[in-house]
Structures are given as structure tokens and as C-alpha cells.
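Grab a pencil and work through these exercises with the model open beside you. Try each task before you read its solution.

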Amino acid sequence: MVKRPTDIPEVEISRQELVKLLAELCPAHRIDLAGAVALPCVQPHRERWREWLAADRHADLEYVTRDPAAREDPTQKNAWAQSVLIFGQRYTDGWPGDEDLLLRDVPWTDRVARYARGHDYHDVLLKDIKRVVKGLVTAIPGLAAFPSTDTGPYLEREYAWLAGLGFMGKNTCLIHEKLGSGLFLGAALTNLRVTGMPPGNVPQAEPLYAIVPRRRRAPSRILANHCGSCTACLDACPTDALLPAGGLDARSCISTWTIEWRGQAPEDRRAEQGGLLFGCDICQSVCPWNQRAAERDTPLPVREEYGVLPTHGELKLADLAALNDDDFRARFRRTPLWRAHPEGLRRNAEVVLKNLADKE
Ligand code: B12
Ligand code: SF4
Ligand code: SF4
């Protein structure tokens, strides 16, 4: 835990100067999107978050319930904070389309959600953000910035939307119109007052830096959501975890069952997990924005660390169901699969094996 001073004097920079600095630093450190939100800011979707908590839709993800006041307003605990910088880094260049994972003949690594097919983003993205921040600190005397990804008490998607990184899909993911939703997000709380920026709660049309621009549109059309009448993600979700009125019930999400839950997955819902071993990409793989991103004429290379899981080609699902703790530790340290713990990965593999057997 980084110890922060209680009082840090603000530093000022113009939007223009910050744009210039980010244009040099972000590509050098493989950050694809960056923006800023002025603080304090009353988040426009704060009610959604409160309802989500009140209705227990967070399942038993205790960490998201911690510090609710700080999550809504980081200046409650850090009165000195003037802005939150928000960063996006791609882990896939779109999704080529839906795949039936109950097919028998796919390698088990194809049953792992794309975000998890490489090194852990908590390491990779965080280091890249720290490098960008180091560059900013060198260029802006007096700048204090505290980077995090996932772990800071921030509603990262809300800030990313406000900072112009993309819109919020009905699948609840942050979607960039050209890059899709295969993006990790990270934040840095700063004492930077950026002049020439709108108030924090006013969504911006473009971020401060982007590897490619968003669709151009008049500022009056900055909507939270550009899904139109599409409901592909809601229709495709095998567990009805996406709510028709927007939002996600984490108690029903396969991502929760296979990554976050420590006990047994609900036996009466086992079939709904289908052929998924770790995480779930269904509501993203059916999304037209991701399919369009995958059809890009000139593909944009993805950060190499996110490419593929280290070679485990010799392993079969049955081996995973019987993998001992030492073997798990040796193979999966510093990968996202670590989060499932050995017993979680064995449980997931058993479920997939049973579902495959049932299908036969
Ligand atoms: C808890 C958590 C989960 C939970 C709950 C997810 C959820 N949707 O709430 C579970 C385990 C299910 C999960 C799954 C996944 N997660 Co997750 N998760 C988080 C975490 C740690 C907190 C999210 C949170 O606070 N949820 C509470 C709800 C209420 O907040 P919210 O979803 O952000 O929604 C806010 C707004 O977006 C808005 N809103 C929400 N939905 C809608 C819909 C409409 C129409 C509108 C207008 C507004 C709106 O209201 C909310 C209040 O501000 C964040 C990191 C972070 N600190 O933010 C990562 C994060 C959201 N996850 C991420 C990823 C990659 C995933 C998975 C893709 C992994 C996988 N393949 O299995 C799936 C995607 C499932 C999905 N469709 O969301 C990324 C998402 C990147 C992106 N492009 O959006 C994040 C940001 C992690 C990161 N640092 O990159 N996750
Ligand atoms: S991640 Fe899977 S289970 Fe969760 S909402 Fe999306 S499609 Fe449904
Ligand atoms: S699948 Fe359709 S409804 Fe769902 S997020 Fe994508 S565009 Fe929006």
C-alpha cells in the first residue's frame, strides 16, 4: 500500500501541454488510450453503482464493496486530488466472432478468456502506466500521481467514459468505436489541475491520447451508450446475467463462477458454463464493435505479453482437473489464471469435462 501525504499542493498544466506530453509518452510505453477527469466529480451513473451494491449484485466480491465513499468520490480520502488520469491498453484486436466452445477439439487454452491468455495485466499495464507517469513527473515539476489498475477504489469504466475513451455497452464493457472492448483500464490519482478541460461529470468526445480516433460526432451526441437497438450480448449470455435495464448481476456471471468464486459452482447451473474453463467472453465476442475491430484492414499489434499462454500444449483438460498444487504454482504464477487458485482451476476443468460428456 502506497502511503500518501495528506496534503499535496496542486500543479497546473494546460490541456494542450498535457496532450503533447501524452502523445510522446503513451506510444513509447504501449498505452493505447489516455484521458483525464477533473475532480471532484459527481459520477453520472452513481445511482447504478449504489443500486448494484444494494441489490447484492456484486455476489461475494467483497473487495468491490470496500470504501464505497472513496469509490464515488476519491477526494473524500485524498482532498488534494485534482484529477484522475485514465489509461487503456488493448489485449486483443477485436473478436473474430462467436466460437462454440463445447466443440470437443479445441485446445484448453481456447477455453480461457482472451484477457487471460498471457501475462497478468496487473503487472504489465501497471508497469506501463508507471513509466508514463514517470515521464510526466520529469516534465511537470511537483506532479504527484498514484497509479493502479483494478485495485484502486475507482469505477474505472465510468471515468474512462467521462474521459472520452469509449462508451458503455449493454454488456457493461467500455467500448472504443475503433478498438472494441478488448481493453484493460488503469487509473492514476493526481494533483494535476488541467486547465481548458470540462468539469469532471461532463463526458468528453475524445480522449487526450488515442492510437486511433473515435468516430467523429458532434459534442451534443456524446452518449453513455452507442448500442442502438442491438441486444446481441443480452441474447447471447447463457446465464442471463446481463440485465435488460442495463448492468450485470455478478452472481450469475460465468466470469465470477470461474475466476472469483472459491467454493463449488452452483451444480444446478453447471450446464450454463458450457465449455468455458476460465472467464467468459461471450458478451464481447458477439458484439459488432469487436467484430468490426477484428476486420480492420491494418491490424494494430497488441502488447506482446498478452499474446498467448506460455506453452502448455501438452496438457489436456483431464490433466488440469488433476493438476497438483505445486504444478499449478510452477505453471501459472504471474498469469491471470493464478486468481482461480489450484482448486478453482481443477473445479472448472471438471465442470467442462462433465458438460462435454453430457453433450456426447
Ligand atoms: C468486479 C469486477 C468484475 C465482476 C463484475 C463486473 C461488472 N460488470 O460489474 C465480474 C467478475 C463479473 C467481472 C467480469 C469481467 N471483467 Co471485470 N472488473 C471488475 C472491477 C474490479 C470492478 C467493477 C465494478 O465496480 N462493478 C460495479 C458496477 C456497478 O460498475 P461498472 O460495471 O463499472 O458500471 C458503472 C458504469 O459503467 C455504469 N454502467 C454500467 N453498465 C452500464 C450500462 C449502460 C447502458 C450505461 C448507460 C451505464 C452503465 O454504471 C456503473 C456505475 O458507474 C473492474 C475494475 C474497476 N476497478 O472498475 C473490472 C473490469 C470492469 N473488468 C474487466 C474485464 C476485462 C472483465 C471481463 C471481460 C473478464 C472476462 N473475460 O471474464 C469480464 C466482463 C464481464 C462483463 N460483461 O462486465 C475490465 C473491463 C475493461 C472494459 N473494456 O470494460 C475492468 C475495468 C478491469 C480492468 N482494470 O481493465 N468483473
Ligand atoms: S461474461 Fe459471460 S456470463 Fe458474464 S455477462 Fe457476459 S456472457 Fe454473460
Ligand atoms: S452486443 Fe450490441 S448491445 Fe451488446 S454491447 Fe455490443 S453493440 Fe451494445
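Two residues count as in contact here if their C-beta atoms, placed from the backbone, lie within 7 Å. This is a predicted model: local features need pLDDT of at least 70 and side-chain atom pairs count only at pLDDT 80 or more, while totals for chains, interfaces and linings use all residues. Residues are numbered from 1 along each chain as its sequence is written, and chains are lettered from A and ligands numbered from 1 in the order in which they are written.

**Exercise 1. Proline 288 and ligand 3**

Find which residues proline 288 touches, leaving out those up to four places away in sequence.

Step 1. Proline 288 sits in helix 10; helices (H or I, at least four residues) and strands (E, at least two) are DSSP runs, numbered from the N terminus.

Step 2. Leaving out those sequence neighbours, the residues that proline 288 touches are Cys230 and Ala232.

Step 3. Now look at the shell around ligand 3, where a residue is near a molecule if its C-beta atom, placed from the backbone, lies within 6 Å of it. Proline 288 belongs to that shell, and so do Cys230 and Ala232. Helix 7 (232–236) and helix 10 (288–294) each give at least two residues to it.

Step 4. Sort the shell by type: eight residues are nonpolar, three polar and one charged. For this count, Ala, Val, Leu, Ile, Met, Phe, Trp, Tyr, Cys and Pro are nonpolar, Asp, Glu, Lys and Arg are charged, and the others, Gly among them, are polar.

Step 5. Is proline 288 buried or exposed? A residue is buried if 20 or more other C-beta atoms lie within 10 Å of its own, exposed if 12 or fewer, and partly exposed in between, with C-beta atoms placed from the backbone. Proline 288 counts as partly exposed because it has 13 C-beta neighbours inside 10 Å.

**Exercise 2. The other two ligands**

Work out which elements give two or more residues to the shell around ligand 1, then do so for ligand 2.

Step 1. Ligand 1 has 40 residues around it, and the closest are His45, Ala113, Glu158, Ser255 and Gly279. The elements you're after are helix 2 (46–54), helix 6 (156–162), strand 7 (183–190) and helix 8 (254–260).

Step 2. By type, the shell around ligand 1 holds 20 nonpolar, twelve polar and eight charged residues.

Step 3. Among the residues around ligand 2 are Cys237, Cys253, Cys280 and Cys283. Here the elements are helix 8 and helix 9 (282–285).

Step 4. The shell around ligand 2 has nine nonpolar and three polar residues, and no charged ones.

**Exercise 3. The five-stranded sheet**

Put the strands of the open sheet in order and say how they pair.

Step 1. Strands pair if DSSP finds at least two bridges between them. The order is 4-7-3-2-9, with antiparallel pairing.

Step 2. Strand 4 (145–148) and strand 9 (209–210) are the edges, each pairing on one side only.

Step 3. Go to strand 7. Eight bridges tie strand 3 to strand 7, and four join strand 4 to strand 7. Leucine 189 is the bridge partner of valine 84, and phenylalanine 146 also stands opposite leucine 189.

Step 4. Check both faces of strand 7. Leu183, Leu185, Ala187 and Leu189 are buried on one side, and Phe184, Gly186, Ala188 and Thr190 are buried on the other.

Step 5. Finish with strand 2 (residues 33–38), which pairs with strand 9 over two bridges; alanine 34 has tyrosine 209 as its bridge partner.

**Exercise 4. The two sides of helix 5**

Which residues of helix 5 are buried, and where are they around the axis?

Step 1. Helix 5 (residues 121–139) has 19 residues and spans 26 Å from its first C-alpha to its last, close to the 27 Å expected. The expected span is 1.5 Å times one less than the number of residues.

Step 2. The buried residues are Tyr121, Val124, Leu125, Asp128, Ile129, Val132, Val133 and Leu136. They lie on the same side of helix 5, because they cover an arc of only 165 degrees around the axis. That arc is taken over the directions from the helix axis to the C-beta atoms.

Step 3. An α-helix has 3.6 residues a turn, so residues three or four places apart point the same way.

Step 4. Turn the helix around: the face away from the buried side of helix 5 carries the exposed residues Lys127 and Thr138. The cover over the buried residues includes helix 1 (15–28), strand 3 (83–90), strand 4 and strand 7.
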